[in-house]
Amino acid sequence: MLRYFKIFLFFVIVPFNIWAQEVEMQLVSGGIYTPLYGSTEESQVEIPGFFMDAKPVTHEQFQLFVLQYPEWRKSNVRRLYADESYLNSWKGDFGVPRQLKNSPVNNVSWYAAKAYCECQDKRLPTTDEWEFVAMASEKSVDAREDSLFNQRIVSSYEKPKTFLKEVGKTTPNYYGIYDLHGLVWEWVYDFNSIIITEESRSNNSTDNNLFCAGGAVSANDLMNYAAFMRYAIRSSVKARNTMSNMGFRCVKDDTKVLSSKLIY
Amino acid sequence: MKKLIILFAILSFWACNSAQNEAESNTNKENATSGITSREEFNDLSIYNISTVWNTQHGEEITFKDLEGHVLAVVMVYTSCKTACPRLAADMRNIEKQVSAKNKMNVKYVLISIDPEMDTPERLTQFGKDYKLEGDQWLFLQGTEETVREFANVVAVKYKEISPMDFSHSNIISVFDAEGVMQHQQEGLNVDNKETVAKIIELSK
């Protein structure tokens, strides 16, 4: 039975793979902005242009990945790289529940997400890149001052089980990117760079004994409660953790931008 | 079935980039043995699973696997750090002193730089000299931006470059047993290191 299943997967899914890998990406023209947390001393960061997956990676896409990379199957993955609840809605190594096919993959670790992106010749976005795109509403590149926009995000965080929803069913943002808000939190490459910890929660301030230069990085836009929640989530997880409300998407450098930078 | 496996192998080759070398070789290994994974028998949680190569302060290349059989006390620092790192180094020296007094031989004290660009083997050697962290038991490692980020995630150390010479980072000393599995973490500066010392003594020979 398993053998037939594998043959089926091979003939039906793998040929698909060749173009299914070509998922839609959108160009994010770069810019300069002040992130909520962790900016440099000048407090502004410059984001060069890059391409971002228009939608979060789905269960179905992740299934193709584990088909090709056995070390990321549920039964093979090393505990160092993913905790016990890795892909826990799946039945066995390949069993994606049919109703979840187009939902964002969840219960994946940072390592798994990173490996997935690298295998598509992409990478995970940095925190600054992700937040840069996430401040865009449908109409504006920076809607952080738009109270309705913020309200909508915060209320989506309160809805239960949004990870069951399908990707790409809402209106895309300014860049044509879907679901940065509303379905799952997303892994970013440097999620572990921001220091808001259990310690700072219990002390109400940054404990300088715990962090070298810890005071240099602090919130400068407390109005943005939704962003604050995201930073807090990122700082509370470990790379091997997997959670039902955490997925990811990938990005790619805009090579044109990079090469034009070299010329100047 | 065999054909299928070969095709799978070809497909696996086709998709992945060099960053996934390890992944590829694993894939192929598995394919060669018809679905039986032939990965090396490390504990699943062991850092020996991390195949990245590091430079030591002596300019030699090393992987964590090369340290098999040693208990490790690991801390992440950078040499241009003025505040916490000297104190972390002092904490490490202090721990080393107490453990050595018990004649424990198979312990290594590992300082991993979070600033791989600046911290060359030469600078790491100098740091060892400056803080009197010298001898075979001391190991300073230089990785790459990528491998350092990955290792920091294993030990849940958070860090961020806040200027070219300055990082904010958490101060954690991690203890790994002789199989590479993390057994203890001490967090903060100048904290009582009794527990850490006891753990290293318990784990080592």
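Chain B has 6 helices and 9 strands, where helices (H or I, at least four residues) and strands (E, at least two) are DSSP runs numbered from the N terminus. I should say at once that this is a predicted model, in which local features need a pLDDT of at least 70 and side-chain atom pairs count only at pLDDT 80 or more, while totals for chains, interfaces and linings use all residues. Residues are numbered from 1 along each chain as its sequence is written, chains are lettered from A and ligands numbered from 1 in the order in which they are written, and side-chain values use heavy atoms, with hydrogens and water left out.

Staying with chain B, buried residues make up 53% of its 205 residues, and by buried I mean under 20% relative accessible area, with exposed being over 50% and partly exposed in between (1.4 Å probe, protein chains only). Among its contacts between residues at least 6 apart in sequence, 64% join residues at least 24 apart, a contact being heavy atoms within 4.5 Å.

On confidence, pLDDT is the predictor's own score for each residue, from 0 to 100, and chain B averages 82, with 80% of the residues scoring at least 70. Within chain B the confidence is highest in strand E5 (residues 138-142), at 97, and lowest in helix H2 (residues 21-32), at a mean of 42. Over residues 9-38 of chain B the pLDDT is below 50, although in the model this stretch has 47 contacts beyond near neighbours in sequence. Where pLDDT is low, the predicted coordinates should not be read in detail.

Let me turn to a helix pair in chain B. Two packed helices are described by the angle between their axes and the distance between the axes. Here the axes are lines fitted to C-alpha atoms, for helices over the stretch in contact, and angles run from 0 to 180 degrees between N-to-C directions. The axes of helix H3 (residues 84-100) and helix H6 (residues 194-203) of chain B come within 10 Å and cross at roughly 45 degrees. That makes H3(B) oblique to H6(B), since angles under 35 degrees count as roughly parallel, over 145 as roughly antiparallel, 65 to 115 as roughly perpendicular and the rest as oblique. From H3(B), the residues B:Ile95, B:Gln98 and B:Val99 meet B:Thr196, B:Val197, B:Ile200 and B:Ile201 in H6(B). The residues of this contact divide into 5 nonpolar, 2 polar and no charged, with Ala, Val, Leu, Ile, Met, Phe, Trp, Tyr, Cys and Pro counted as nonpolar, Asp, Glu, Lys and Arg as charged, and the others, Gly among them, as polar.

What does B:Ser204, in the segment after H6 of chain B, touch? Leaving aside residues up to four places away in sequence, B:Ser204 touches B:Val71, B:Lys104, B:Asn106 and B:Val107. B:Ser204 is buried, with a relative accessible area of 8%, and its C-alpha atom is separated by 6.2 Å from that of B:Asn106, 98 residues apart along the chain.

Now chain A, where the mean pLDDT is 82 and 75% of the residues reach 70 or more. Over residues 197-222 of chain A the pLDDT stays under 50, and for this stretch the model has 58 contacts beyond four places in sequence.

Two helices of chain A are mostly covered: in H3(A), 10 of its 10 residues are buried, among them A:Trp110, A:Lys114 and A:Glu118, and in helix H4 (residues 127-134), 8 of its 8 residues are buried, including A:Asp128, A:Trp130 and A:Glu131. Just after H3(A), A:Asp121 takes a positive phi of about 60 degrees, and this residue, in the loop between H3 and H4 of chain A, counts as partly exposed at 48% relative accessibility. A:Leu87 also has a positive phi, of about 50 degrees, although it is not a glycine; A:Leu87 lies in the loop between helix H2 (59-68) and helix H3 (110-119) of chain A and is buried, with a relative accessible area of 1%.

Finally, H5(A) and helix H7 (residues 225-236) of chain A pack at an angle of about 40 degrees, with their axes 8 Å apart, and are therefore oblique to each other. The contact is made by A:Ile153, A:Val154 and A:Tyr157 of H5(A) with A:Tyr225, A:Ala226, A:Met229 and A:Arg230 of H7(A), and its residues divide into 6 nonpolar, no polar and 1 charged.
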